[in-house]
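Trainee: I'm new to this structure and would like to learn how its labels are earned. Could we go through it together?

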Amino acid sequence: MIEVQNLSFAYGSRPILQNVSFSLEQGECVAVLGNNGAGKSTLISCISRLRRPSSGSVLIDGTPVTQMTRGQQAQQISYVAQKNELAHTTVFDAVLLGRKPHMKWGPSDIDYDVAEHALRAVGMENCRLRYVNQLSGGEQQKVMLARAIAQEPKLMLLDEPTSSLDPRNQYESMELIRHCAHGHHIAVLVVIHDLNLALRFCDRFLFLKDGTVYASGGREAVTSENIRAVYGMDAAVEQFDGIPMVIPHFHAHSSPY
Ligand SMILES: Nc1ncnc2c1ncn2[C@@H]1O[C@H](COP(=O)(O)OP(=O)(O)OP(=O)(O)O)[C@@H](O)[C@H]1O
């Protein structure tokens with residue numbers, strides 16, 4: 001179980017996160033929702049320890065991550081940022097890097113197998129010898145997802161993993177992410193803007209607003225009221241084939257152009 005307790009963070013004197021608390025279970029896929037600038041990326045970078053929160057703690061199975069060595073943290077938490085600096089390495093080596101926290105001296109046969117499996121899971125096995133910095137944005141996103149999967153963490157933090165993907169790849173990647181949670185008992189926290197993708201593949205929803213948790217819960221938390229409060233947009237939530245769908249009522253305002 002992952003517990004986030006009273007996490008706060010500021011950039012200089014500007015508070016971004018204020019007392020954010022929630023928990024997620026192993027095997028659960030939780031969407032982090034909220035408008036641009038709400039603090040979603042900051043939240044998951046604080047959980048990953050990429051940024052140091054000003055207060056609060058993150059516990060994995062009762063152990064604060066601050067009490068873990070960097071190596072232990074890397075074994076337990078995988079993190080895919082919104083923008084990734086990609087070195088001039090092959091696709092296969094980029095995925096194999098996900099195994100590094102588990103390696104002793106160098107990669108074992110198991111590490112190669114796990115990396116190969118992850119590469120196949122995202123459908124990039126035919127690109128294994130290409131250089132990652134020469135791939136398209138969507139292809140790079142799939143490679144980064146494969147690396148996070150190869151890491152076999154307890155907690156997977158994904159920042160907009162589908163933002164550069166075409167519709168079919170969005171669905172396939174979200175299905176894979178859900179499978180990581182449900183099939184491999186990983187706790188997944190995914191920042192996502194597409195409410196319908198989130199509704200389809202995530203188990204719970206955490207709405208961030210002004211750096212605090214505005215609302216959270218299962219599908220019942222994705223209401224017109226919460227969408228209006230968080231995004232400042234009118235939308236209906238209708239059932240289609242048993243799946244709730246968000247249909248925005250967007251009214252164009254007169255533009256100065
Ligand atoms: N390095 C930084 N220095 C100062 N302010 C920052 C920095 N990074 C982000 N911010 C500010 O912190 C706030 C939260 O940013 P964050 O990236 O966490 O938002 P977000 O919810 O992930 O947004 P988006 O949906 O646009 O990705 C924003 O107002 C942003 O301008």
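Trainee: Let me begin with one residue: in which strand is the place of Leu59?

Mentor: Leu59 has its place in strand E4. Keep in mind as we go that this is a predicted model.

Trainee: What makes Leu59 partly exposed?

Mentor: The count of other C-beta atoms within 10 Å decides: 20 or more means buried, 12 or fewer means exposed, and partly exposed lies in between. Leu59 has 16 other C-beta atoms within 10 Å, so Leu59 is partly exposed. Leaving out residues up to four places away in sequence, Leu59 touches Glu3 and Pro64.

Trainee: Where is Val58 found, and is Val58 buried or exposed?

Mentor: Val58 is found in strand E4. It has 21 C-beta neighbours inside 10 Å, and the cut-off for buried is 20 or more, so Val58 counts as buried.

Trainee: Which residues does Val58 touch?

Mentor: Val58 touches Val4, Ile47, Pro64 and Val65, again not counting residues up to four places away in sequence. As for Phe22, 36 residues apart from Val58 along the chain, the two C-alpha atoms are separated by 9.8 Å.

Trainee: Which strands make up the open sheet of four strands?

Mentor: Its order is E2-E1-E4-E5, and the pairing is antiparallel.

Trainee: What makes E2 and strand E5 edge strands?

Mentor: E2 and strand E5 (63-64) each pair on one side only, and that is what puts them at the edges.

Trainee: How do you know that strand E1 and strand E2 pair?

Mentor: Two strands pair if there are at least two bridges between them. Seven bridges join strand E1 (residues 2-11) to strand E2 (residues 14-24), so the condition is met, and the two run antiparallel. One of the partnerships links Phe9 to Leu17 in E2. In the hairpin of E1 and E2, two residues sit between the strands, and Gly12 takes a positive phi near 65°.

Trainee: How many bridges join E1 to strand E4?

Mentor: Five bridges join E1 to strand E4 (residues 55-60), which also run antiparallel. Here Ser8 has Ser55 in E4 as its bridge partner. Helix H1 packs on this sheet, touching E1, E2 and E4, and its direction makes about 65° with that of E2.

Trainee: What is notable about the phi of Asn19?

Mentor: Most residues other than glycine have a negative phi. Asn19, which is not a glycine, has a positive phi of about 50°. Asn19 lies in strand E2. With 13 C-beta neighbours inside 10 Å, Asn19 falls between the limits of 12 and 20, so it counts as partly exposed.

Trainee: Which phi does Arg49 have, and where is Arg49 found?

Mentor: Arg49 has a positive phi of about 75°, although it is not a glycine. Arg49 is found in the loop between H1 and E4. There are 17 other C-beta atoms within 10 Å of Arg49, so Arg49 is partly exposed.

Trainee: What is the order of the open sheet of six strands?

Mentor: The order is E6-E7-E8-E3-E9-E10, with mixed pairing. Strand E6 (77-80) and strand E10 (212-217) are the edge strands, as each pairs on one side only. The twist averages 15° from one strand to the next.

Trainee: How do you know that strand E9 and E10 pair?

Mentor: Five bridges join strand E9 (residues 204-209) to E10, and a pair needs at least two, so they pair; they run antiparallel. Leu206 stands opposite Ser216 in E10. Elsewhere on the sheet, helix H5 (residues 137-150) lies across E6 and strand E7 (155-159), running at about 175° to E6.

Trainee: Which residues are around the ligand?

Mentor: They are Tyr11, Ile16, Gly34, Asn36, Gly37, Ala38, Gly39, Lys40, Ser41 and Thr42. The largest share of this shell, three residues, comes from helix H1 (residues 40-47). By kind, the shell divides into three nonpolar, six polar and one charged.

Trainee: Which residues does the UniProt annotation "domain: ABC transporter" cover?

Mentor: According to that unreviewed entry, the annotation covers residues 2-235. The end C-alpha atoms of that span lie 32 Å apart, and the span is 35% helix and 26% strand.

Notes
Residues numbered from 1 in each chain as written. Predicted model: local features only at pLDDT ≥ 70, side-chain atom pairs only at ≥ 80, totals over all residues. UniProt positions renumbered as here; feature names shortened; annotations may be inferred. Near = placed C-beta within 6 Å. Nonpolar A, V, L, I, M, F, W, Y, C, P; charged D, E, K, R; others polar. Axes fitted to C-alpha atoms, helices over the stretch in contact; angles between N-to-C directions. Contact = placed C-beta atoms within 7 Å.
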